[in-house]
Each structure stands twice: as structure tokens, then as C-alpha cells.
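Colleague: I have the file open and would like to talk through the fold with you before I write anything up. Could you bring it up so that we are looking at it together?

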Amino acid sequence: MKLPKERIILGIDPGTVVMGYGLVKEVGTKVELISLGVVKMEKVDDHMLKLQRIFEKTVALIDNYNPDCLAIEAPFYGKNIQVMLKLGRAQGMAIAAALSRNLVITEYAPRKIKQSITGNGNATKEQVAAMLQTLLKFTETPDFLDATDGLAVAVCHSFQRIPTGKSSGSKKSYSGWDTFAKDNASRIGGLGKLKK
């Protein structure tokens, strides 16, 4: 399948204190920066209100920029299960927002994103940010590396050359809640273990 001549990709690095996002426009094989930034939530004490803010901000980004797809960073496996749970919830809210707008969603492991941008799966956030500045030719330094992390997810997705609406390999993209629910009935039932 041919890639569309032009598409906009929204990349999100989910978090419950800071959510990073970046938007790029892909024109053929060229990638251009549209926007990047962060949603700060350190002043919000209630975890559920943080989740609501993630959902609302993601919907606002989608409505404002009309991206063709969402690329999102998967929560990393850490030793602290509470942190992982919160990150998973944050990711889930961004995914729910994208599903509510019928966007195709693709998830990437942090190592895959770093590998795609820098050629090194163990690259630091600073190295990823520096490479993005070179690739996309922007000089302003974002306040938070979370912004360039969100941008990195979008650029990583562009580099994969996965056509919007189709997926390759073991990753599956969904265009809405109905298609996701149909393919994942056992996951939605409640007690079944989520599989990666």
C-alpha cells in the first residue's frame, strides 16, 4: 500500500506529572515539525483529575491539528509497580482520546524510539533531543525533555513508513473503539491478563 502524499502524526509520551507531545507533517519522505510541548500536571493533586486533563488535552490537540494517526510510547517496565500502573493509566487516557476521534494508534517501546531516532536504543533523552533538532532543523530548546520525547515518538512512527489505516508485523492499529473491542473481547472482559 502506498503512503499518503501527506499526513500529520501526533506523538505522545504519556506521564502523570508531565505529558510530552509532538506533531510532525510527513510529506513524501520528508518530515517537518509542526509543534511540540508539554502538559504539566504537577499542581494537580487528584490522580483522576490528572487523567481527565490528559484526555481533554489529547482531544484538544487532535481537534486543533487534525492528525491522521497517534503514535504513543509504551510504559517501560520498572521495578515500581505503582509508577507503571499510573503510566499505564496515563497512556490509556491518551489512547481513549484518540479512539474517541477514530484515529489509528501505534505503540512503540522506548528502546525502539531511541533506536529509530539516534541508532542507539540506550541513547539519553538529551541525545534524542539533539538528534531531533538536527533532523527537524529547530533551534529552540524545549523547557522539558518530555516535549522532545513526545516528538521522538511521532518521528519514529514516520520512519517506520507504516501507512495510516494499515499495520505491519505484530503491531495492530485500530481506527475506533468498536474495532478494538471486537478484536480484544477477552482483554475487555476484566480479569484476563493484558498481553503485549
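Colleague: Let me start in the middle of things: how many residues of strand β4 (residues 69-73) are buried?

Modeller: Keeping in mind that this is a predicted model, five of the five residues of β4 are buried, so the strand is largely enclosed by the rest of the structure. The side chains go both ways, with C69, A71 and E73 pointing to one side of β4 and L70 and I72 to the other, and all of them are buried.

Colleague: Which strands does β4 pair with, and in what sense?

Modeller: β4 pairs in the parallel sense with strand β1 (residues 6-13) over four bridges, and it also pairs in the parallel sense with β5, there over five bridges. To find these pairings on the screen, you can take G11, whose bridge partner in β4 is A71, and I72, whose bridge partner in β5 is E107. E73 stands opposite Y108 in β5.

Colleague: And what connects β4 to β5, in terms of the β-α-β unit?

Modeller: The helix in that unit is α2, and β4, α2 and β5 together make a right-handed β-α-β unit. β5 itself is mostly covered, with four of its five residues buried.

Colleague: Stepping back, what is the strand order in the whole sheet?

Modeller: It is an open sheet of five strands in the order β3-β2-β1-β4-β5, and the pairing is mixed. β3 (30-40) and β5 stand at the edges with a single partner strand each, so one side of each is left without a neighbour in the sheet. Direction ignored, neighbouring strands of this sheet are turned by 20° against each other on average.

Colleague: Where does an antiparallel pairing come in?

Modeller: One such pairing is that of β1 with strand β2 (residues 18-27), which run antiparallel and are joined by eight bridges. Within that pairing, D13 of the chain has G20 as its bridge partner in β2.

Colleague: Now the helices. How many are there, and what is the pattern along the sequence?

Modeller: The chain has seven helices alongside its five strands, and reading along the sequence gives β-β-β-α-β-α-β-α-α-α-α-α. Of the 196 residues, 42% count as buried, and among contacts with a separation of 6 or more, residues 24 or more positions apart account for 63%.

Colleague: Which strands does α5 lie across?

Modeller: α5 lies across β1, β2, β3, β4 and β5, and its direction is at about 35° to β2.

Colleague: How does α5 pack against α3, then?

Modeller: Helix α3 (residues 110-118) and helix α5 (residues 145-160) pack at an angle of about 70°, with 9 Å between their axes. Since angles from 65 to 115 degrees count as roughly perpendicular, α3 and α5 are therefore roughly perpendicular to each other. On the α3 side the contact is made by K112, I113, S116 and I117, and on the α5 side by A152, V153, V155, C156, F159 and Q160. The residues of this contact divide into seven nonpolar, two polar and one charged.

Colleague: Changing topic, I had clicked on I62 earlier. Is that buried or exposed?

Modeller: I62, which is found in helix α1 (residues 47-65), counts as buried because its relative accessibility is 5%, where the cut-off for buried is under 20%.

Colleague: What is I62 in contact with, leaving aside its neighbours within four places in sequence?

Modeller: With those neighbours set aside, I62 is in contact with L10, P67, A97, A98, R101 and L103. I62 and A98 are 36 residues apart in sequence, yet their C-alpha atoms are 7.5 Å apart in space.

Colleague: Last thing, the backbone. Which loop is N102 in, and what is its phi?

Modeller: N102 lies in the loop between α2 (81-100) and β5 (104-108), and its phi is near 60°, a positive value in a residue other than glycine. With 54% relative accessibility, N102 counts as exposed.

Colleague: What about K137, buried or exposed, and what is its phi?

Modeller: K137 has a positive phi of about 55° although it is not a glycine, and it lies in the loop between α4 (125-136) and α5. K137 is exposed, with a relative accessible area of 72%.

Methods. Residues numbered from 1 in each chain as written. Predicted model: local features only at pLDDT ≥ 70, side-chain atom pairs only at ≥ 80, totals over all residues. Heavy atoms only, no water. Axes fitted to C-alpha atoms, helices over the stretch in contact; angles between N-to-C directions. Helix = DSSP H or I, 4+ residues; strand = E, 2+ residues; numbered from the N terminus. Parallel < 35°, antiparallel > 145°, perpendicular 65-115°, else oblique. Contact = heavy atoms within 4.5 Å. Nonpolar A, V, L, I, M, F, W, Y, C, P; charged D, E, K, R; others polar. Buried < 20%, exposed > 50% of the residue type's maximum accessible area, 1.4 Å probe, protein only. Pairing = 2+ DSSP bridges. Right-handed = clockwise from strand over helix to strand, strands pointing away.
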